[in-house]
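Some labels used for a protein model rest on cut-offs. The turns below ask how such labels are earned.

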Amino acid sequence: MIEVTLLGTGSPIPDPNRAGPATLVRAGGHTFLTDCGRGVQQRLAAAGSSAGALTALLLTHLHSDHIADLGDLLITRWITTFDPDPAPILVIGPPGTAEVVDATLAAFGHDIGYRIAHHADITGPPRVDVREHTGGVVWEHDGVVVRAAPTDHRPVAPTVGFRIEHDGASVVLAGDTVPVRASTTWPPAQALSSTQ
Ligand SMILES: [Zn+2]
């Protein structure tokens, strides 16, 4: 079974009733978060999950509303994982993701320094394993397969969607896109409609 929880369906415009874009997918004992918009951690908590429980963070694209709480997510996972040698959080996204993660951690550099200095149970800086993809199988374990494929959110580019497969079921998480034919390479095939 694949369990999908819409944590946030908002847009860049703040809405008192909708958190920013984020979707939680549980499959085969693994937990995937797609995008991390505004308010994602409150919604994760409401869904009985947390930053520390994530197998991977999947980013569809680097628009601000889809990554608004990336820094909070990385820092919270780091300070709530009481493991002397914590595994890095896996972040899979389009090209540019590593630059965004590095810049985000740099922005929290003072905080990271304070916490290392003041908390004996925290070691090292946050560890993040970033993998940039635009297509193909990007993760596979325990019968769970995650595939990426290009989407069409131009002029924002590159952008990707993800298909998570488990036990004969699948779910696709596309972020912002017009309908587009399946492809594994960038740029995507011609859009199926001209609604952009
Ligand atoms: Zn967007």
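What follows is a set of questions and answers on a sheet and a helix in this predicted model.

Q: What makes strand 1 and strand 2 a pair?
A: A pair needs at least two bridges between the strands. Strand 1 and strand 2 (residues 22-27) are joined by 6 bridges, so they count as paired, and they run antiparallel. Within this pairing, Leu6 stands opposite Thr23 of strand 2.

Q: Why are strand 1 and strand 6 called edge strands of the sheet?
A: The sheet is open, with 6 strands in the order 1-2-3-4-5-6 and mixed pairing. Strand 1 (2-8) and strand 6 (128-132) each have a single partner strand, so one side of each has no neighbour in the sheet. On average, neighbouring strands of this sheet are turned by 20° against each other, direction ignored.

Q: What makes helix 4 a helix that packs on the sheet?
A: Contact means heavy atoms within 4.5 Å. Helix 4 (residues 97-107) touches strand 5 (89-93) and strand 6, and its direction makes about 155° with that of strand 6.

Q: How do you know that the buried residues of helix 4 lie on the same side?
A: Buried means under 20% relative accessible area. In helix 4 this label goes to Thr97, Val101, Thr104 and Leu105. They cover an arc of only 95° around the axis, and therefore lie on the same side of helix 4. Their packing partners are helix 3 (70-80), strand 5, helix 5 (109-118) and strand 6.

Q: Which residues are exposed on the other side of helix 4?
A: Exposed means over 50% relative accessible area. Glu99, Asp102, Ala106 and Ala107 are exposed there.

Technical notes. Residues numbered from 1 in each chain as written. Predicted model: local features only at pLDDT ≥ 70, side-chain atom pairs only at ≥ 80, totals over all residues. Heavy atoms only, no water. Helix = DSSP H or I, 4+ residues; strand = E, 2+ residues; numbered from the N terminus. Axes fitted to C-alpha atoms, helices over the stretch in contact; angles between N-to-C directions. Buried < 20%, exposed > 50% of the residue type's maximum accessible area, 1.4 Å probe, protein only. Arc of directions from axis to C-beta.
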